[in-house]
Amino acid sequence: MKRQILHVDVNNAFLSWTAVDRLKKGETLDIRTIPAIIGGDEAQRKGIVLAKSPIAKQFGIQTGEPIYFARKKCPEIFVFQSDFSVYYQYSNALYELLLEYSDKIERFSIDECFIDMTNFIPKGRNLLELAYEINKRIEEELGFTVNVGVAHNKLLAKMASDFEKPNKVHTLWEEEMPDKMWKLPVNELFMEGKKSLPKLQKMGIKTIGDLAKKEESIFIKTFGKFGKMIWEYANGIDDSPICYEPESPKCIGNSVTLPYDYVDKQQLEVMLLTIVEQVAYRLRNQHLLA
């Protein structure tokens, strides 16, 4: 029996959650409709862009760049400071809603979850129908939008949720891979990093399909275990379980892939704060100290 997996990914989480929270507190302006970013203390020339509105994106503003440069691109940009207490509140609200569908939920990050629906699909219904229902309920009940990826494993569900955004439901069944996934640039494959990209390009690998169609041994020889993994991912192979941790975890940590190499101390401090906040949140959830 094939697994039934969903990946739920909040669209533009930090900015969306800030917008919803402001509206709930009586603000009339939805910051998702104006040139706006989430960042640090602009008065002290600190902080980077953590999230941006669709209009801010049109000015060429990039996630991860200093707010100072964002202001140069768009002088009228609105800057709002991040508030992780708010983000955790909405992240938890999302998790509680998803628990109505399955108790096998992996919180992959603060704004995305994997859900194992294999044994939780009611008679007479199907996975895609439930995905659309979850998508609709989140918008109507919580006030923000998500993309939902629908597949038979975590890798394909994750890839599917990254297709066209926002507020979409996408499937990526094995038979859909040639049309939906193999045509994508190889750098869009989950876990394919910037360091390996030049080597892949020298090998003539431009798309995910190029990678999938070559012999696995070529990539194992060049990249070792990582080569085996990316070849399997390119072919939609992923047996990793949903790590929902019903028991207390043996260790607690958090990691993040940076959008580019950080060399500025202030940028690193903001990112480290984000990681520490997440670890502290997980510790509190488990009633643990460190």
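The following questions and answers examine how descriptions of this predicted model follow from its computed values.

Q: What makes the protein as compact as a globular protein of its length?
A: The protein has twelve helices and eight strands. Its radius of gyration is 20 Å, close to the 19 Å that the globule rule gives for 290 residues, so the protein is as compact as a globular protein of that length. The C-alpha trace spans about 55 × 50 × 40 Å along its principal axes. Buried residues account for 46% of the 290 residues. The exposed surface is about 15,700 Å², of which carbon and sulfur atoms supply 54%. Among contacts between residues at least 6 apart in sequence, 56% join residues at least 24 apart.

Q: Why is E112 called buried?
A: The relative accessible area of E112 is 10%, and the cut-off for a buried residue is under 20%; E112 is therefore buried. This residue lies in strand β6, residues 112-116.

Q: What makes the pairing of the E112 and S109 side chains a polar contact?
A: The two side chains are 3.2 Å apart at this contact, and the cut-off for such a pair of N or O atoms is within 3.5 Å. The pair therefore counts as a polar contact. Leaving aside neighbours within four places in sequence, E112 is also in contact with H7, V8, D9, E106, R107 and K158.

Q: How do you know that C113 forms no disulfide with C243?
A: A disulfide requires cysteine sulfur atoms within 2.5 Å. The closest cysteine sulfur to that of C113 is in C243, at 13 Å, so the two are too far apart for a bond. The count of disulfides under this rule is zero.

Q: Which of C113 and C243 is buried, and which is partly exposed?
A: C113 has a relative accessible area of 3% and is buried. C243 has a relative accessible area of 41%; partly exposed covers values between the 20% and 50% cut-offs, so C243 is partly exposed.

Q: How do you know that the length of helix α12 agrees with its number of residues?
A: Helix α12 comprises 21 residues, 265-285, and at 1.5 Å a residue it should span 30 Å. The C-alpha atoms at its ends are 30 Å apart, so the two values agree.

Q: Which residues of α12 are buried, and what covers them?
A: The buried residues are Q267, M271, T274, I275, Q278, V279, Y281 and L283. Their cover includes α4 (84-98) and β5 (105-109). In general, an α-helix has 3.6 residues a turn, so residues three or four places apart point the same way. After α12 comes H287, whose phi is positive, near 55°.

Q: What makes H152 a buried residue?
A: H152 has a relative accessible area of 16%, which is under the 20% cut-off, so H152 is buried. Its place is in the loop between β7 (146-151) and α6 (154-161). The side chain of H152 makes a polar contact with the side chain of E174, at 3.1 Å. Beyond neighbours within four places in sequence, the contacts of H152 are K2, R3, Q4, I5, W173 and E174.

Q: Why is α6 called mostly covered?
A: Eight of the eight residues of α6 are buried, therefore the helix is described as mostly covered. These residues are K154, L155, L156, A157, K158, M159, A160 and S161.

Q: What makes N153 a cap of α6?
A: A side-chain oxygen of N153 lies 3.2 Å from the backbone nitrogen of L155. The polar-contact cut-off is within 3.5 Å, and N153 caps the N-terminal end of the helix.

Q: Why is I121 called partly exposed, whereas K206 is called exposed?
A: I121 has a relative accessible area of 25%, so it is partly exposed. K206 has a value of 66%; the cut-off for exposed is over 50%, so K206 is exposed.

Q: Where do I121 and K206 lie, and what do they contact?
A: I121 is in the loop between β6 and α5 (127-142). Leaving aside neighbours within four places in sequence, I121 is in contact with Q4, N126, L127 and L130. The C-alpha atoms of I121 and Q4 are separated by 8.8 Å, although the two are 117 residues apart along the chain. K206 is in the loop between α8 (197-202) and α9 (208-213). With the same neighbours left aside, K206 is in contact with L184, P185 and V186.

Methods
Residues are numbered from 1 along each chain as its sequence is written. This is a predicted model: local features need pLDDT of at least 70, side-chain atom pairs count only at pLDDT 80 or more; totals for chains, interfaces and linings use all residues. Side-chain values use heavy atoms; hydrogens and water are left out. Helices (H or I, at least four residues) and strands (E, at least two) are DSSP runs, numbered from the N terminus. Buried means under 20% relative accessible area, exposed over 50%, partly exposed in between (1.4 Å probe, protein chains only). A polar contact is a pair of N or O atoms within 3.5 Å; within protein, one must be able to donate a hydrogen and the other to accept it, and residues adjacent in sequence count only if both atoms are side-chain atoms. Contact means heavy atoms within 4.5 Å. The expected span of a helix is 1.5 Å times one less than its number of residues. The radius of gyration is taken over C-alpha atoms; the globule rule is 2.2 Å times the number of residues to the power 0.38. Accessible areas come from the Shrake-Rupley method with a 1.4 Å probe; for residues, only the protein chains shown count as cover.
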